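Morning, everyone. I have one structure to go through today, and I will keep to what the coordinates show.

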Amino acid sequence: MNQSPPAPDPRTELGLLTAPGPLLLEPDKVLLPEGPVDGWAVVVRDGRFESVAPAAAVRRAHPGLRAVRLPGRLLMPGFVDAHHHLTQSFGAALAFGEPSEIFRRVWVPLEGSLDEESAYTAAKLAALEALRGGFTTVTDAGTRADVDVEVVAAAARDAGIRCVLGLVCNDADDDAAGGDDGRTTVVERAEKHLARYDGDPLVRASLAVSIPEAATEGTLRATARLAAEAGAVVQIHVNEHLAGVERSLVRHGLRPLEHLHAVGALGPQLLAAHATLLTPRELTLLADTGTAVSYNPVASAWKGNAVAPATAMAERGIRFGLGTDGTRGDGFRLAEAAEFAQRLAYGLAG
Ligand SMILES: [Zn+2]
């Protein structure tokens with residue numbers, strides 16, 4: 001490039017982009033599934049891409065809209081982070097090669113030490129990092145900080161990012177749920193949470209169980225049913241660590257994913273995080289039940305157990321998204337890591 005495009009005035013652009021829509025945007029480039037193209041325009045209405053076509057055609061179809069030029073800019077759909085822990089951002093530097101259940105040593109104590117202010121700050125930092133990296137939606141797997149999840153919702157809203165907000169529904173430990181009838185309590189909280197964000201422009205409620213053994217079988221079933229009825233997802237870390245798989249085998253004679261299937265918790269409402277240690281039979285369970293997976297390639301690099309068989313999932317029609325797990329808050333680099341991990345783990349076999 002011999003000449004740089006004229007520098008846009010960020011104040012003017014920001015003013016235009018925050019105006020009530022619809023907006024007719026004309027960036028230098030629009031990213032299509034086939035690649036970037038010049039001379040295209042986009043109409044955005046109510047936060048959605050309504051029309052994507054060559055600029056002249058878009059202008060003709062929308063004569064009432066004034067085109068907003070975005071020189072030097074590329075317009076593309078935002079990345080969706082399928083697995084995040086917004087209140088773990090202060091611990092990102094602690095994640096390194098730790099093969100088994102780092103959550104016991106780092107994440108649970110870290111989140112346990114947060115108060116409202118620090119949880120909000122951690123979540124807002126994570127949300128801003130995600131936006132910087134091209135993500136417009138983050139899926140939060142539920143904070144274990146002892147704060148109202150509205151603190152996390154507020155941080156996401158204030159940062160301006162869409163958030164699928166998990167509420168942790170663990171009730172297998174004596175002290176997890178409170179009350180004499182712990183399961184009723186946790187299910188009641190789940191119902192309230194699912195209704196709490198109706199109509200919210202940025203926050204969508206979700207349920208979460210940290211790992212299958214963290215909730216009773218009744219709660220695993222109830223959260224699956226409630227989420228399915230509400231059109232929401234249940235997030236569970238599944239088949240992530242060898243130790244967890246072994247405990248499940250000892251306790252139930254079944255691997256964690258098989259155990260979820262046995263209690264009726266698999267289905268389109270389940271977003272299974274990691275799913276790295278899968279047998280061929282478990283791949284079939286995922287495919288047959290319509291269960292979705294978050295493939296978190298960078299987490300595999302610092303946990304070291306295994307890499308989710310994403311290419312096999314694609315082949316089997318299993319729905320999966322990419323998740324940062326709180327690391328690699330850059331969508332393009334995450335996508336590259338996802339491909340690289342597949343090549344190393346599976347692509348060299350042939
Ligand atoms: Zn996680």
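I will start with the chain as a whole, then take the metal site, a helix pair and a few single residues.

First, a caution: this is a predicted model. The protein chain has 14 helices and 13 strands. Of its 350 residues, 48% are buried. If you take the contacts in the chain with a separation of 6 or more, 70% of them are between residues 24 or more positions apart.

Now the metal. Which residues coordinate the zinc ion? There are three histidines and an aspartate: His 83, His 85 and His 237, each through NE2, and Asp 325 through OD. The distances run from 2.0 to 2.8 Å. Along the chain, these donors follow the spacing H-x1-H-x151-H-x87-D. One pair among them links distant parts of the chain, namely His 85 and His 237, which are 152 residues apart. His 85 sits in the loop between strand 6, residues 79-84, and helix 3, residues 102-112. His 237 belongs to strand 10, residues 234-238. Both His 85 and His 237 are buried.

As for the geometry, the angles among the 4 donor atoms go from 86 to 167 degrees, and the site is classed as irregular. Why is it not called tetrahedral? For four donors, that label needs all angles to lie between 85 and 135 degrees, and the range here reaches 167 degrees.

Staying by strand 10, the loop between that strand and helix 9, residues 242-252, contains Asn 239. The phi of Asn 239 is near 50 degrees, which is positive, and this is not a glycine. For background, most residues other than glycine have a negative phi. Asn 239 is also buried, with a relative accessible area of 3%.

Ala 275 is another residue with a positive phi, near 45 degrees, and again not a glycine. Where is Ala 275 in the chain? Its place is the loop between strand 11, residues 270-274, and helix 11, residues 280-289. Ala 275 counts as buried because its relative accessibility is 1%, and the cut-off for buried is under 20%.

Next, the helix pair. Helix 4, residues 116-132, packs against helix 5, residues 150-159. The angle between them is about 40 degrees and their axes are 8 Å apart. That angle makes helix 4 oblique to helix 5. The crossing of the two is right-handed. Which residues meet there? From helix 4, the list is Glu 116, Ala 119, Tyr 120, Ala 123, Lys 124, Ala 127, Leu 128 and Leu 131. On the helix 5 side they meet Val 151, Val 152, Ala 154, Ala 155, Ala 156, Asp 158 and Ala 159.

Helix 4 also holds Thr 121. Is Thr 121 buried or partly exposed? At 38% relative accessibility, Thr 121 counts as partly exposed. Its C-alpha atom is 9.2 Å from that of Ser 89, with the two positions 32 residues apart along the chain.

A second threonine, Thr 223, lies in helix 8, residues 217-230. Thr 223 is buried, at a relative accessible area of 2%. Setting aside residues up to four places away in sequence, Thr 223 touches Cys 169, Leu 207 and Val 234. The C-alpha atoms of Thr 223 and Ser 206 are 9.7 Å apart, and the two residues are 17 apart along the chain.

The last residue is Glu 50, in strand 4, residues 48-54. With a relative accessible area of 42%, Glu 50 is partly exposed. What does Glu 50 contact, leaving aside neighbours within four places in sequence? The contacts are Val 43, Val 44, Arg 45 and His 62. Glu 50 and Leu 24 are 26 residues apart in sequence, and their C-alpha atoms are 9.9 Å apart in space.

To recap the metal site, the zinc ion has His 83, His 85, His 237 and Asp 325 as its ligands, and the arrangement is irregular. That is what I have.

Terms used. Residues numbered from 1 in each chain as written. Predicted model: local features only at pLDDT ≥ 70, side-chain atom pairs only at ≥ 80, totals over all residues. Heavy atoms only, no water. Donors = N, O, S within 2.8 Å, 3.2 Å for Na, K, Ca; no water. Tetrahedral: all angles 85-135°; square planar, octahedral: opposite > 155°, others 65-115°. Helix = DSSP H or I, 4+ residues; strand = E, 2+ residues; numbered from the N terminus. Buried < 20%, exposed > 50% of the residue type's maximum accessible area, 1.4 Å probe, protein only. Axes fitted to C-alpha atoms, helices over the stretch in contact; angles between N-to-C directions. Parallel < 35°, antiparallel > 145°, perpendicular 65-115°, else oblique. Left-handed = near helix turned anticlockwise from the far one by under 90°. Contact = heavy atoms within 4.5 Å.
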